[in-house]
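Reader: Could you walk me through how the labels on this model were earned? I'd like to see the values set against the cut-offs.

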Amino acid sequence: MTRVPKQKVWLNEVLPQYDEMRFRQVTRVSYQQFDVILNLISEDRIFHTSLKQLSLRFNWQLRCLDFGISGTGASAHNTARLFGTGDGSTIIRITRRIIKALLRLKCRFIYWPNEEERNEIVAETFQYLPRCIGWIYGTKIPLHEAPVTNKDSYYDKDKNYSIQVQIICDHDKKIRHYVAGYPGSVHDSRVWNECNTVHLPDLYFSDGQYLFGDKVYGRTKFMMAPFRDNKRTIPPLKLKAFNE
């Protein structure tokens with residue numbers, strides 16, 4: 001098999017000249033974010049191996065996340081040409097190592113607020129949503145192709161193959177909890193009703209605290225959602241009780 005020609009011109013001379021917008025388009029992060037993430041993962045044990053290319057090329061390994069997220073064969077080949085590396089298992093191995101290093105950091109940045117922090121959130125947001133400690137939303141991550149097994153369960157209402165992701169964020173738009181991996185056909189309410197926030201509420205909520213979500217979640221002790229009915233059809237007393 002013919003060896004792939006290697007070049008480093010684009011990596012060493014072109015990419016560093018990109019402005020902030022173009023750099024973000026390529027790497028999915030800003031220059032500052034790139035440096036922060038690079039420093040965070042640089043000490044991970046997975047990079048301290050005998051494989052020189054994995055310990056000496058931090059600078060471009062992280063940038064390969066762009067193609068790793070898109071997940072297509074064409075993107076892998078294009079990245080190989082730009083970064084001057086083989087387009088076989090090298091890129092896949094590098095991407096997997098970066099993701100493993102990032103996942104080991106998740107609990108450092110994504111964690112549920114303790115009772116003290118929840119009380120602080122309540123104090124800061126009391127004027128517009130009393131005792132609300134977070135907002136919940138369900139979304140989908142599209143898959144490049146149909147899964148090999150049970151593909152029909154991943155076929156969502158938008159006629160795409162996808163997986164479900166449920167995200168809870170606080171008033172500062174910081175992600176505090178997530179659930180990922182359900183097939184795309186699964187309804188948002190099912191994901192919510194099967195997670196620990198519902199089954200172990202005492203670990204997540206203090207008295208009177210709740211989340212605010214879309215109407216698909218319904219209204220419970222720990223979930224506030226809009227009325228499904230039109231406002232004009234709701235009896236005034238029922239509407240008043242809801243708002244109180």
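Author: Sure, here come a few labels and the reasoning behind them. Keep in mind that the model is predicted.

Reader: Why is R131 called partly exposed?

Author: Its relative accessibility is 36%. Buried would need under 20% and exposed over 50%, so R131 at 36% counts as partly exposed. You'll find R131 in the loop between α10 (115-125) and β1 (132-142), with a positive phi of about 70° although R131 is not a glycine.

Reader: And what makes N150 exposed?

Author: N150 has a relative accessible area of 62%. The cut-off is over 50%, so N150 is exposed. N150 sits in the loop between β1 and β2 (162-169), and N150 also has a positive phi, about 50°, without being a glycine.

Reader: How do you know that F34, L38 and I41 are on the same side of α3?

Author: These are the buried residues of α3, which spans residues 31-41. They cover an arc of only 75° around the axis, so they end up on the same side of α3. Q32 and N39, on the other side of α3, are exposed.

Reader: What makes β1 and β2 a pair?

Author: Pairing takes at least two bridges. β1 and β2 have eight, in the antiparallel sense, so they pass. I136 stands opposite I168 in β2.

Reader: Why do β2 and β3 count as paired?

Author: Again at least two bridges are needed, and β2 and β3 (residues 175-183) have seven, so they pair, also in the antiparallel sense. Q166 has V179 in β3 as its bridge partner. The two strands form a hairpin with five residues between them, and K173 in the turn has a positive phi of about 65°.

Notes:
Residues are numbered from 1 along each chain as its sequence is written. This is a predicted model: local features need pLDDT of at least 70, side-chain atom pairs count only at pLDDT 80 or more; totals for chains, interfaces and linings use all residues. Side-chain values use heavy atoms; hydrogens and water are left out. Buried means under 20% relative accessible area, exposed over 50%, partly exposed in between (1.4 Å probe, protein chains only). Helices (H or I, at least four residues) and strands (E, at least two) are DSSP runs, numbered from the N terminus. The arc is that of the directions from the helix axis to the C-beta atoms.
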